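Got the viewer open? Load the model below, switch on side chains, and follow along from stop to stop.

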Amino acid sequence: MKASKIAYKPVGMAVGALGGVLSGAIFKQAWKRIAHEEDAPDATDEFRSWREVLTAALVQGAIFAVVKAAVDRGGATAVRRVTGTWPG
């Protein structure tokens, strides 16, 4: 295993956790603007429609994927700056 991959492991884990928190905060704000509600519907909320539940899941998944890609890419770029090699 390359040294850059080993160096990236702890960075990737820390950055991944930060990305999860960040994506959750972004989703919460996005949902407030989209639905004009404080909380997104849970899948098991019997008083919410399929459309509401699936729309919330779609928005949350899209935000999570974009934030994860941005955070992973940023972490890999930082490792390359420090070590001189790409960790992937």
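Start by selecting glutamate 37, which is partly exposed at a relative accessible area of 27%; buried here means under 20% relative accessible area, exposed over 50%, and partly exposed in between, using a 1.4 Å probe and protein chains only. Before you go on, note that this is a predicted model, in which local features need pLDDT of at least 70 and side-chain atom pairs count only at pLDDT 80 or more, while totals for chains, interfaces and linings use all residues. Residues are numbered from 1 along each chain as its sequence is written, and side-chain values use heavy atoms, with hydrogens and water left out.

**Stop 1: the charged loop**

Keep glutamate 37 selected and add arginine 48: their side chains form a salt bridge, 3.0 Å from N to O. (A salt bridge is a side-chain nitrogen of Lys or Arg within 4 Å of a carboxyl oxygen of Asp or Glu.) This pair links distant parts of the chain, with arginine 48 and glutamate 37 eleven residues apart in the loop between α1 (3-35) and α2 (50-83). Those helix names follow DSSP runs numbered from the N terminus: helices are H or I with at least four residues, strands E with at least two. Arginine 48 has 23% relative accessibility, so it counts as partly exposed.

What else does arginine 48 form a salt bridge with? Pick aspartate 45: the closest N and O atoms are 3.7 Å apart. Aspartate 45, at 28% relative accessibility, is partly exposed too. Now select Glu37, Asp45, Arg48 and Glu52 together, and you have a network of salt bridges.

Next, show lysine 32 and glutamate 38, whose side chains meet in another salt bridge at 3.2 Å, N to O. Glutamate 38 is partly exposed at 49%, and lysine 32 is partly exposed at 26%. The structure holds five salt bridges.

**Stop 2: two more picks in the loop**

Jump to histidine 36, also found in the loop between α1 and α2. Check its backbone torsions: phi is positive, about 55 degrees, although this residue is not a glycine. For context, most residues other than glycine have a negative phi. Is the residue buried or exposed? Histidine 36 has 69% relative accessibility, so it counts as exposed.

Then select aspartate 42 in that loop between α1 and α2, which is exposed at 52% relative accessibility. Draw a distance from its C-alpha to that of alanine 56: you should get 8.6 Å, for residues 14 apart along the chain.

**Stop 3: the aromatic pair**

How many aromatic pairs does a search of the whole structure find? One: select phenylalanine 27 and tryptophan 31, a tilted pair at 6.2 Å centre to centre with 35 degrees between the planes. The rule is that rings of Phe, Tyr and Trp (its six-membered ring) pair if their centres lie within 6.5 Å; planes under 30 degrees apart count as stacked, over 60 as edge-to-face and the rest as tilted. Both residues lie in helix α1, four residues apart, about one turn of the helix. An α-helix has 3.6 residues a turn, so residues three or four places apart point the same way. Phenylalanine 27 and tryptophan 31 are both buried.

**Stop 4: the nonpolar core**

Extend the selection to Phe27, Ala30, Trp31, Ala56, Val59, Ile63, Val67 and Val71, the eight residues of the largest nonpolar core. Such a core is a set of buried Ala, Val, Leu, Ile, Met, Phe, Trp, Tyr and Cys residues joined through side-chain atoms within 4.5 Å. Colour by helix: α1 and α2 each supply at least two residues of this core, and the largest share, five residues, comes from α2.

Zoom in on valine 71, which is in contact (heavy atoms within 4.5 Å) with Val15, Gly16 and Gly19, leaving aside neighbours within four places in sequence.

**Stop 5: serine 23**

Select serine 23 in helix α1. With a relative accessible area of 6%, serine 23 is buried. A polar atom of its side chain lies 3.1 Å from the backbone oxygen of glycine 20. Not counting residues up to four places away in sequence, serine 23 touches Ile63, Phe64 and Val67.

**Last stop: along α2**

Finish with α2, whose buried residues include Val53, Gly75, Ala76 and Val79. Glycine 84 follows α2 and has a positive phi, near 90 degrees.

Terms used. Polar contact = N/O pair within 3.5 Å; in protein donor to acceptor, adjacent residues only side chain to side chain.
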